[in-house]
Amino acid sequence: MSNKNGNNALALLVGAAIGVGVGILFAPDKGSKTREKLKGNLDDWKIDVNNKLADYEEDIREKLSSSKEDLKESVENLLSNSSYKAEEAISFLEEKLAELKKQNAKLQK
């Protein structure tokens, strides 16, 4: 979920909590009942927020895990390509060394 969606969800939850709180405060109930309702609503809101945070945490963990795997694969590919290039360079140098040895042998005669 993107950051914008997270901000929208948080704004919606805060707005809902404020609306419920205002509605309860203006309801014609006793103070004790109003406090119980507020406490119940706050508990529900707290559970909702905790659930949302757990979802976000799970999403972040999945994205980090995916990024970690992508990075690992990229490094492995780079090392593999580097190893291949090193082998090519060694082969090239060995060929040049053999040529130089032949030229040197001719010059020694």
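Me: At 46% relative accessibility, does Asp 44 count as buried, partly exposed or exposed?

Reply: Start with the cut-offs: under 20% is buried, over 50% is exposed, and what lies in between is partly exposed. Asp 44 has a relative accessibility of 46%, so Asp 44 counts as partly exposed. Keep in mind that this is a predicted model.

Me: Where in the fold is Asp 44 found?

Reply: Asp 44 belongs to helix H2. That helix runs over residues 31-108.

Me: How far apart are Asp 44 and Tyr 56, in sequence and in space?

Reply: Two separate numbers are needed here. Along the sequence, Asp 44 and Tyr 56 are 12 residues apart. In space, their C-alpha atoms are 18 Å apart.

Me: How does one look for a pocket, and what volume does the largest pocket have here?

Reply: The general idea is that rolling a probe the size of a water molecule over the atoms shows where empty space is left. In this model, the volume of the largest pocket is about 160 Å³.

Me: Which residues line the largest pocket?

Reply: Read the list in sequence order. It begins with Leu 13, Ala 16, Ala 17, Val 20 and Gly 21. It goes on with Leu 38, Asn 41, Leu 42, Asp 44, Trp 45 and Asp 48. Asp 44, the residue you asked about, is one of the lining residues.

Me: Which elements give two or more residues to that lining?

Reply: Helix H1 (3-25) and helix H2 (31-108) do. H2 supplies the largest share, six residues.

Me: How does the lining divide into nonpolar, polar and charged residues?

Reply: The lining of the largest pocket has seven nonpolar residues, two polar ones and two charged ones. Note that Gly is counted as polar in this scheme.

Me: Which residues form the nonpolar patch on the surface?

Reply: Leu 10, Val 14, Ile 18, Val 22, Leu 25 and Phe 26 form it. Together they have about 610 Å² of accessible area. Take Val 14 as an example: this residue lies in helix H1. To join a patch, a residue needs over 30% relative accessible area. Val 14 has 34% relative accessibility and counts as partly exposed.

Me: How many salt bridges does the count come to?

Reply: The working rule is a distance: a side-chain nitrogen of Lys or Arg must be within 4 Å of a carboxyl oxygen of Asp or Glu. By this rule there are four salt bridges. One of them joins the side chains of Glu 57 and Arg 61, at 2.8 Å from N to O.

Me: Why are Glu 57 and Arg 61 separated by about one helical turn?

Reply: Count along the helix. Glu 57 and Arg 61 are about one helical turn apart because they are four residues apart in helix H2. As for accessibility, Glu 57 is partly exposed, with a relative accessible area of 41%, and Arg 61 is exposed, at 56%.

Me: What is the N to O distance in the salt bridge of Glu 88 and Lys 85?

Reply: The distance is 3.9 Å. Glu 88 and Lys 85 both lie in helix H2, three residues apart, about one turn of the helix. Glu 88 is partly exposed at 37%, and Lys 85, at 52%, counts as exposed.

Me: How far is Glu 88 from Lys 106?

Reply: These two are 18 residues apart in sequence. Between their C-alpha atoms the distance is 27 Å.

Me: Which residue does Glu 99 meet in a salt bridge?

Reply: Its partner is Lys 96, with 3.7 Å from N to O between the side chains. The two are three residues apart in helix H2, so about one helical turn separates them. Glu 99 counts as partly exposed at 41% relative accessibility, and Lys 96 counts as partly exposed at 36%.

Key. Residues are numbered from 1 along each chain as its sequence is written. This is a predicted model: local features need pLDDT of at least 70, side-chain atom pairs count only at pLDDT 80 or more; totals for chains, interfaces and linings use all residues. Side-chain values use heavy atoms; hydrogens and water are left out. On a 1 Å grid over the protein atoms alone, a cavity is a set of points where a 1.4 Å probe fits but cannot get out, and a pocket is an open set with protein on both sides within 12 Å along at least five of seven lines; lining residues have an atom within 4 Å of a point. Grid points are joined across faces, edges and corners, and a volume is the space filled by probe spheres set on the points. Patches are made of residues with over 30% relative accessible area and no salt bridge: like charges are joined within 9 Å, nonpolar side chains (Val, Leu, Ile, Met, Phe, Trp, Tyr) within 5 Å. Accessible areas come from the Shrake-Rupley method with a 1.4 Å probe; for residues, only the protein chains shown count as cover. Buried means under 20% relative accessible area, exposed over 50%, partly exposed in between (1.4 Å probe, protein chains only).
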